[in-house]
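These are my notebook entries, kept in the order in which I looked things up. I began with how far the coordinates can be trusted and went on from there to chains, domains, cores and single helices.

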Amino acid sequence: MDHSFRLVELEESPPKRAAQWYAICFVLGFLAMLGWDWYMRFDRYEWQNRLLDRPRRPAAERLDRPLFTTNHLAASRGGDLTDLIGIQSAIDRFAEERPAAIQIWDRHGFMNRPFEPDQAPDVVVLGDSFMAYGTIDTHFSSQLADRTGLFVLNHALAGHGPFIPVYRFLADERFWSQPPQVIVWGFAEREISGIYFQRFYRELQWRGRRREPEETADLTPAALPQRSRMRWNALKPQLLKDSLPDTSYIAQTGQWLWNRIRFLAFGQLNPWVVVADRDVLGTDMLFFEYHIETLLWPESERDAPRVAEVIAAFRDHCLSRGIELIVVLIPEKEQVYRDAIPRAVLPPSADIPPSVLWELTERLEAKSVNTVNLLPHFQAATEAGIWVYHRDDTHWNEKGIGIAADLVAERLTAPLAMQQGRASSPASAGLRRGTPSEP
Amino acid sequence: MLFNSYEFLFVFLPIVLLGYYVLVPKRARLGFITLMSYLFYGWWDWRFCSLMLISTVIDYQSGKRIHASSDPRVRKRWLLLSIVSNVSLLGFFKYFDLTADTANQLLAWFGVGAEPLIPLLNVVLPVGISFYTFQSMSYSLDIYMGAAKPARSPVQFACYVALFPQLIAGPIVRYRDLADQLVYRTHTWAKCSLGIQFFVAGLAKKVILADGAAFLVGDAFEVAAPGLFSAWIGTLAYTMQIYFDFSGYSDMAVGLGLMLGFRLPQNFNSPYKALSITDFWRRWHITLSSWLRDYLYIPLGGNRLGATRTYVNLLITMLLGGLWHGAHWNFVIWGGFHGALLAIERMWGKRGLLTRAPQLIQQSATFLLVMVGWVFFRAESLGQAGAVFRGMLGFNGVDAVIHERMATDPLPYILLGISLVGAFCFRNTWEIRWRPNLIWFVTLGSLFVLSVFVILVNTASPFLYFQF
């Protein structure tokens with residue numbers, strides 16, 4: 001039968017009035033869903049912020065804020081992985097107790113012990129959520145300060161990756177007038193990707209593009225653009241494909257609902273959370289599926305040579321301002337306990353390649369970048385029966401932070417001795433284009 | 001842009017419908033759809049829009065000249081230009097690397113040159129090029145054969161080539177079937193309701209059944225030596241995946257077409273209920289089968305030149321049909337396999353063993369043969385296809401992975417079971433007599449919400465036929 005006749009027959013079979021109401025109800029239902037999702041995208045997820053690049057307010061403008069804000073955290077159970085599961089009965093066997101704690105935030109939004117506002121820090125800690133993780137007494141900066149007696153300022157942020165704190169550091173007048181002697185920049189293994197670091201390098205170049213001569217990228221705060229600008233790149237199909245579902249209320253609701261259905265019907269946890277297939281140090285442990293994926297990244301995606309070049313270029317910039325850089329490479333929990341990753345979550349016949357941290361350490365050391373690779377130390381700790389990560393969280397625990405702080409404290413001695421008597425930074429220092437370190 | 005993506009469902013489609021029905025004047029609607037179709041296509045890579053434009057311009061001009069001229073030589077020349085330009089586009093973007101690689105291997109085999117003589121260009125395949133070049137070419141062919149009149153305006157023809165509901169993966173629409181609709185079409189609530197039904201049904205088929213079954217395919221095709229259960233279940237899963245994936249896409253295309261007032265052709269008619277391979281090809285990818293029949297098999301002589309020539313024609317048609325699916329020898333073997341089966345069926349006629357068997361046996365045997373064919377189609381190399389066949393015959397041993405997976409993640413197996421029941425026991429989308437009542441509203445509404453949740457919970461997966 002001719003297809004158009006079949007369709008006509010199908011069209012004409014139901015009563016017209018009913019078909020009309022049926023379609024109208026469907027369209028209205030869809031519009032309600034659509035409208036709600038877009039409203040929440042702007043209202044709740046602030047999607048507009050991804051489209052606009054707003055320059056950070058200079059530190060001086062934040063002087064009206066209180067110097068420090070204190071939060072009292074009640075005792076709790078569970079970490080980010082158990083939060084992701086979100087079903088109380090499912091998380092009991094994994095959740096660790098978290099004692100009540102105090103968080104003190106400085107006026108710039110970083111967790112720091114109280115300090116004198118005009119006091120120059122000896123060490124500034126930059127990095128991702130690992131470097132910011134913990135309470136006011138247990139996070140990396142505090143533990144490092146306790147071990148060295150130095151003024152260690154935390155400038156790491158959770159949830160912003162390793163680069164945003166660097167941009168904010170560069171844009172902050174305080175660190176140009178009173179530069180620290182050492183920067184400790186720590187980031188997790190999952191951040192090590194040639195594309196990410198190349199983007200970081202380009203951003204640094206972009207930020208400094210206005211300065212003459214053209215060969216020098218000026219990174220002083222004055223050179224930053226002062227007005228909001230549209231991020232046209234954010235409208236590129238590839239980015240919209242991620243950003244639209246990421247900021248969709250329907251997607252979040254679907255995820256929440258699906259997690260419950262999976263658990264109730266099949267007894268399965270959230271697909272993002274993987275239970276170790278054997279006890280690690282005598283207990284259950286959770287892994288994050290995305291982190292397992294990152295362990296399988298091919299060499300081309302990791303691009304350790306490119307990453308090393310970008311880090312060396314940033315080190316050169318720091319040195320030009322009289323600051324020593326120490327890089328801390330933090331292995332994923334999934335890397336340290338890789339033997340406990342269930343075979344079923346890996347692609348068929350896929351083997352986990354050796355950690356990129358080994359190659360990157362070698363390359364950084366070849367470029368004389370002061371590097372601390374935590375992987376061998378965490379492996380040794382695990383063999384000695386010491387937990388260095390929370391079992392219910394993607395982050396390290398107090399002991400893991402302590403090991404990192406011990407190792408960095410050892411490295412600090414030399415740069416600080418070298419810095420004695422060194423004059424403060426030149427004002428117009430910047431990332432140099434065309435240097436041997438340029439990626 | 002994928003139909004099963006957030007940006008299509010929640011951005012592109014609302015803009016198109018709003019623009020089409022509310023913002024754009026009636027006379028500009030066709031131009032608006034064309035523009036949006038180019039945007040839809042350019043979402044992958046805007047540079048590929050130029051290829052579609054080239055094909056459109058050449059075929060529009062060819063059609064016009066063929067119709068205007070009464071000189072057979074001039075008419076033939078313009079037809080040749082149309083065919084050569086489309087085949088060249090397709091040939092370069094789809095088959096250059098295969099040809100170069102094969103030629104290099106042959107030359108090396110004969111000991112000519114130590115290094116490959118023809119460099120591989122690693123040409124990126126523009127999505128849907130096989131569909132729109134075939135569609136565009138059919139326009140000139142139809143005008144040449146007197147089966148259609150040329151388009152009244154370039155916009156009409158551009159809209160026909162680029163029409164986004166069927167641009168990427170068909171159905172392959174002939175110009176003569178759409179010509180009147182490009183000039184005049186009705187927009188009724190009944191059409192819109194039916195369009196919604198088709199679209200939702202197609203979306204659910206794709207994201208729930210096809211993508212659900214897809215989880216099991218890797219067990220057979222992504223391991224070196226799949227065991228007995230893995231090989232069979234993986235192949236069965238792929239058999240269901242490709243059907244629900246492609247028929248889901250076709251349903252969505254028909255649904256979207258109806259929402260815009262177009263009636264697109266049926267592309268699937270419960271193919272796994274076929275009683276023979278000949279019957280299968282009347283039900284599977286109907287628009288491609290009829291395209292190949294009308295523009296290849298019949299011009300080759302069809303069944304008019306004796307029995308032997310009929311078998312040869314069938315084989316040639318199916319070999320080229322296989323090659324159309326992709327630049328890989330596996331597709332050619334798949335086409336040859338089906339061509340041989342069609343020839344055998346034609347040879348045996350009504351004397352064949354199966355034709356006298358009960359219907360269930362005929363259906364099962366046909367399904368089994370189709371499944372075997374899909375192994376060639378899905379495998380990335382002949383070696384891999386061989387490994388799957390060895391697994392299916394038990395030479396790789398009996399594996400336990402299926403039991404483990406069933407225990408830890410039973411959902412894909414449940415979905416595979418539903419797919420099998422759906423493919424064999426239920427009416428297809430074109431056979432369902434829907435009623436616009438509360439039960440249907442709740443059913444389809446829930447299916448839509450569930451599909452959207454699945455899309456957003458997982459990442460949108462591409463349609464299998466996009467690669468062809």
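**Entry 1: confidence.** I started with the weak places, since this is a predicted model. In chain A, residues 209–216 keep a pLDDT under 50, and for this stretch the model has 13 contacts beyond four places in sequence. I found another such run at residues 421–439 of chain A, where pLDDT again stays under 50 and the model has 49 contacts beyond four places in sequence. For chain A as a whole I noted an average pLDDT of 81, with 84% of the residues scoring at least 70.

**Entry 2: chain A in outline.** I counted 19 helices and 15 strands in chain A. Of its 439 residues, 37% are buried. Taking the contacts in chain A with a separation of 6 or more, I found that 78% are between residues 24 or more positions apart.

The domain assignment splits chain A into domain 1 (3–44) and domain 2 (52–432). The contact between these domains takes 6 residues from domain 1 of chain A and 4 residues from domain 2 of chain A. On the side of domain 1 of chain A that touches domain 2, I sorted the residues into 3 nonpolar, no polar and 3 charged.

**Entry 3: where the chains meet.** How many residues does each chain bring to the contact? I listed 38 from chain A and 36 from chain B. On the chain A side, helix H1 (3–12), helix H2 (16–43), helix H11 (237–246) and helix H12 (249–266) each supply at least two residues. H2(A) gives the most to this side, with 11 residues. By residue class, the side of chain A that touches chain B divides into 22 nonpolar, 10 polar and 6 charged.

**Entry 4: the domains of chain B.** Here the assignment gives domain 1 (6–184) and domain 2 (191–467). I put the C-alpha centres of the two domains of chain B 25 Å apart. Their contact takes 25 residues from domain 1 of chain B and 25 residues from domain 2 of chain B. On the domain 1 side, helix H1 (6–23), helix H4 (72–109), helix H5 (129–144), helix H7 (164–167) and helix H8 (175–183) of chain B each supply at least two residues. I sorted the residues of that side into 16 nonpolar, 6 polar and 3 charged.

**Entry 5: nonpolar cores.** The largest nonpolar core has 143 residues, and those touching the most other members are B:Tyr160, B:Ala162, B:Leu167, B:Ala213, B:Ala237, B:Met240 and B:Val388. Helix H9 (residues 189–221) of chain B contributes the largest share of this core, 20 residues. I followed one of the well-connected members, B:Ala237, and, leaving aside residues up to four places away in sequence, found that B:Ala237 touches B:Ala213, B:Leu216, B:Val217 and B:Leu416. A second, separate core of 81 residues includes A:Met111, A:Phe314, A:Val327 and A:Ile341.

**Entry 6: helix H16 of chain B.** Which residues of helix H16 (residues 382–392) of chain B are buried? They are B:Gln384, B:Ala385, B:Ala387, B:Val388, B:Gly391 and B:Met392. Seen down the axis of H16(B), these fall within an arc of 155°, so they line one face of the helix. The buried residues of H16(B) pack against H9, helix H10 (228–259), helix H14 (329–348) and helix H15 (359–378) of chain B. On the face turned away from the buried side of H16(B), I found the exposed residues B:Gly383 and B:Gly386. Just after H16(B), B:Gly394 takes a positive phi of about 90°.

**Entry 7: helix H8 of chain B.** In H8(B), the buried residues are B:Tyr175, B:Asp177, B:Leu178 and B:Leu182. They cover an arc of only 145° around the axis, which puts them on the same side of H8(B). These buried residues of H8(B) pack against helix H2 (29–42), H5 and helix H6 (154–162) of chain B, whereas the face of H8(B) turned away from the buried side carries the exposed residues B:Asp180 and B:Val183.

**Entry 8: a loop histidine.** I located B:His285 in the loop between helix H11 (277–283) and helix H12 (286–297) of chain B. Is B:His285 buried or exposed? I counted 23 other C-beta atoms within 10 Å of B:His285, and because 20 or more make a residue buried, B:His285 is buried. Lastly, I compared B:His285 with B:Ser85, 200 residues apart along the chain, and found their C-alpha atoms separated by 25 Å.

How values were computed:
Residues numbered from 1 in each chain as written. Chains lettered and ligands numbered in written order. Predicted model: local features only at pLDDT ≥ 70, side-chain atom pairs only at ≥ 80, totals over all residues. Domains from an automatic or database assignment. Contact = placed C-beta atoms within 7 Å. Helix = DSSP H or I, 4+ residues; strand = E, 2+ residues; numbered from the N terminus. Nonpolar A, V, L, I, M, F, W, Y, C, P; charged D, E, K, R; others polar. Core = buried A, V, L, I, M, F, W, Y, C linked by C-beta atoms within 7 Å. Buried ≥ 20, exposed ≤ 12 C-beta atoms within 10 Å, placed from the backbone. pLDDT = per-residue confidence, 0-100. Arc of directions from axis to C-beta.
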